[in-house]
Amino acid sequence: MPIEKNQVVLFHYSVRDEQDNVVEDSHGGEPNAYLHGYGGIIKGLEEALEGRDAGDTFSVTVTPDKAYGPRKPDAIQRVPIKHLMGAKRWKAGMVAQVQTEHGPRHVVVAKVGHKFADVDTNHPMAGRTLTFDIEVIDVRAATSEELAHGHAHGPGGHHH
Ligand code: ZN
């Protein structure tokens, strides 16, 4: 059935940046599952998936306004190195996880000092135009529980 609001979509994807570098690829793992029409994935991708069907493959290029937003120049913050999670030694360009009041989030290390590091709190893909290669694996009706929660459950979706 063609994808429309209140359906759960399973898809595989790979993402390329402007230089054609693959920055993410779901193949080799579980397909991603989301509830269509609830903003659970980036806007440009949700729009491109509307009306597609299981078995469809396509590519779509998404500009930052419909992906992860523009880069904010004032998003550099100084944090103690011991607060960075994900590696033992840090250098510029690495992605770290930090605990914030809104939960864990990913930051890009901009500069490493003795005890402190400057981190860029922009989403690592903010400001980037991304090309997604999509393979729709399955489309099914959402359960009433998924509709109540506003997201997909099961493999590739939320686990409670
Ligand atoms: Zn749920």
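Which residues does Glu24 touch, not counting residues up to four places away in sequence? Keep that in mind while you get your bearings; we will select Glu24 at the last stop.

**Before you start**

You are looking at a predicted model, in which local features need pLDDT of at least 70, side-chain atom pairs count only at pLDDT 80 or more, and totals for chains, interfaces and linings use all residues. Residues are numbered from 1 along each chain as its sequence is written, and side-chain values use heavy atoms, with hydrogens and water left out.

**Stop 1: the whole chain**

Show the chain as a cartoon. You should find two helices and nine strands, in the sequence pattern β-β-β-α-β-β-β-β-β-β-α. Helices (H or I, at least four residues) and strands (E, at least two) are DSSP runs, numbered from the N terminus. The C-alpha trace spans about 55 × 35 × 30 Å along its principal axes. Of the 160 residues, 38% are buried; buried means under 20% relative accessible area, exposed means over 50%, and partly exposed lies in between, using a 1.4 Å probe and protein chains only.

Now colour 7-68 together with 126-142 as domain 1, and 76-120 as domain 2. These bounds come from an automatic or database domain assignment. The centres of the two domains, taken over C-alpha atoms, are 28 Å apart.

**Stop 2: the sheet S5-S8-S7-S6**

Select strand S5 (76-80) and strand S6 (95-100), then add S7 (residues 103-112) and S8 (residues 116-120). Together they make an open sheet of four strands in the order S5-S8-S7-S6, with antiparallel pairing. S5 and S6 are the edge strands, each pairing on one side only. Two strands count as paired if DSSP finds at least two bridges between them.

Walk across the sheet pair by pair:

- S5 and S8 share five bridges; zoom in on Pro80, which stands opposite Phe116 in S8.
- S8 and S7 pair over four bridges and form a hairpin with three residues between them. Here Val112 has Ala117 in S8 as its bridge partner.
- S7 and S6 pair over six bridges and form a hairpin with two residues between them. Label Val98 and its bridge partner in S7, Arg105.

**Stop 3: the zinc ion**

Next, select the zinc ion and show side chains around it. Its protein donors are His149 (ND1), His151 (NE2), His153 (NE2) and His160 (NE2), lying 2.0 to 2.1 Å from the ion. Donors are N, O and S atoms within 2.8 Å of the metal (3.2 Å for Na, K and Ca); water is not among the atoms, so sites may look incomplete.

Along the chain, the donors follow the spacing H-x1-H-x1-H-x6-H. The angles among the four donor atoms are 99 to 126°, and the site is tetrahedral; four donors count as tetrahedral if all angles lie between 85 and 135 degrees.

Turn on a surface and compare two of these donors. His149 is partly exposed, with a relative accessible area of 38%, whereas His153 counts as buried at 14%.

**Stop 4: Glu24**

Back to the opening question. Select Glu24, in strand S2 (residues 22-25). Glu24 touches Tyr13, Ser14, Val15 and Met125, leaving aside residues up to four places away in sequence. Contact means heavy atoms within 4.5 Å. Glu24 counts as partly exposed, at 32% relative accessibility. To finish, draw a distance between the C-alpha atoms of Glu24 and Tyr34: these residues are ten apart along the chain, and the atoms are separated by 17 Å.

Technical notes. Tetrahedral: all angles 85-135°; square planar, octahedral: opposite > 155°, others 65-115°.
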